[in-house]
Amino acid sequence: MQALPGRPLPIGVEVTPDGANVAVVSGSADSATLCLFDEDGEEIRVRLPECVGYVWHGYLPDIGPGTRYGFRVNGGPVKRARRRGIPLAVSHAVWRRHRAF
């Protein structure tokens with residue numbers, strides 16, 4: 001699955017008749033990934049392709065209400081800490097939030 005170009009606003013998930021626009025804010029991220037979860041808890045990762053003004057965003061066709069999701073946001077202070085050799089930084093490299101829209 002691949003995200004199409006979306007819109008940076010509104011922040012969050014906006015369900016449309018054909019899919020969903022997804023936008024998440026991170027002032028220090030190098031990348032953002034939407035994680036979709038099926039009924040068995042299997043994770044499908046979809047990279048958000050665009051960033052405008054600290055808002056990572058994309059559009060996913062054929063996604064609708066009831067879809068379980070989370071975000072992985074990578075980069076920023078954690079990335080800089082890893083470069084300095086701080087070992088615990090890896091455990092803080094991923095922020096995850098699970099919801100259903």
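This text walks through a predicted model of a protein chain, from its overall layout to single residues.

The protein chain has 101 residues. It holds 1 helix and 8 strands. Read from the N terminus, the order of these elements is β-β-β-β-β-β-β-α-β, so the helix stands between the seventh strand and the eighth. Of the residues in the chain, 38% count as buried. The accessible surface comes to about 6100 Å², and carbon and sulfur atoms account for 53% of that area. Taking contacts between residues at least 6 apart in sequence, 68% join residues at least 24 apart.

The confidence of the prediction should be kept in view while reading the rest. The mean pLDDT of the protein chain is 79, with 74% of its residues at 70 or more. Among the elements, strand β6 (residues 55–61) has the highest mean pLDDT, 96, and strand β8 (residues 99–100) the lowest, 52. Over residues 86–98 the pLDDT is below 50, although this stretch has 26 contacts in the model beyond near neighbours in sequence.

Charged side chains come next. Side chains of opposite charge can pair when their charged atoms come close. A search of the whole structure finds 3 salt bridges. One of them joins Glu14 to Arg7, with the closest N and O atoms 2.1 Å apart. Both partners fall in the middle class of exposure: Glu14 counts as partly exposed because its relative accessibility is 28%, and Arg7 counts as partly exposed because its value is 42%.

Glu43 takes part in a network of salt bridges with Arg45 and Arg72. Towards Arg45, the closest N and O atoms are 3.3 Å apart. Towards Arg72, the N to O distance is 3.1 Å. The pair of Glu43 and Arg72 links distant parts of the chain, since Glu43 lies in strand β4 (residues 43–47) and Arg72 in strand β7 (residues 68–74), 29 residues apart. The members of this network are covered to varying degrees. Arg72 is buried because its relative accessibility is 11%, which is under the 20% limit. Glu43, with a relative accessible area of 26%, is partly exposed. Arg45 counts as exposed because its relative accessibility is 52%, which is over the 50% limit.

Two of these arginines also lie beside Thr33. This threonine is found in strand β3 (residues 31–37). Leaving aside neighbours within four places in sequence, Thr33 is in contact with Arg45, Val46, Arg47, Leu48, Gly70, Phe71 and Arg72. With a relative accessible area of 13%, Thr33 is buried. Arg45 and Arg72 therefore appear in two places in this account: as members of the salt-bridge network with Glu43, and among the contacts of Thr33.

The cysteines can be dealt with briefly. A search of the whole structure finds 0 disulfides. Cys35 has a relative accessible area of 1% and so is buried. Cys51, in contrast, is partly exposed because its value is 38%.

Near the start of the chain, Leu4 sits in the segment before β1 (12–16). Leu4 and Pro49 are 45 residues apart in sequence, yet their C-alpha atoms are 7.2 Å apart in space. Not counting residues up to four places away in sequence, Leu4 touches Pro49, Gly58, Tyr59 and Pro61. Despite these contacts, Leu4 is partly exposed, with a relative accessible area of 42%.

The last feature is on the surface. Leu9, Ile11, Val25 and Tyr54 form a nonpolar patch there, and together they have about 430 Å² of accessible area. Val25, one of the four, is found in strand β2 (residues 19–25). Val25 counts as partly exposed because its relative accessibility is 48%, a value over the 30% that membership of a patch requires.

Conventions:
Residues numbered from 1 in each chain as written. Predicted model: local features only at pLDDT ≥ 70, side-chain atom pairs only at ≥ 80, totals over all residues. Heavy atoms only, no water. Patch = residues over 30% accessible without salt bridge, like charges linked within 9 Å, V, L, I, M, F, W, Y side chains within 5 Å. Areas by Shrake-Rupley, 256 points an atom, 1.4 Å probe, with all protein chains shown as cover. Salt bridge = Lys/Arg side-chain N within 4 Å of Asp/Glu carboxyl O. Helix = DSSP H or I, 4+ residues; strand = E, 2+ residues; numbered from the N terminus. Buried < 20%, exposed > 50% of the residue type's maximum accessible area, 1.4 Å probe, protein only. pLDDT = per-residue confidence, 0-100. Contact = heavy atoms within 4.5 Å. Disulfide = S-S within 2.5 Å.
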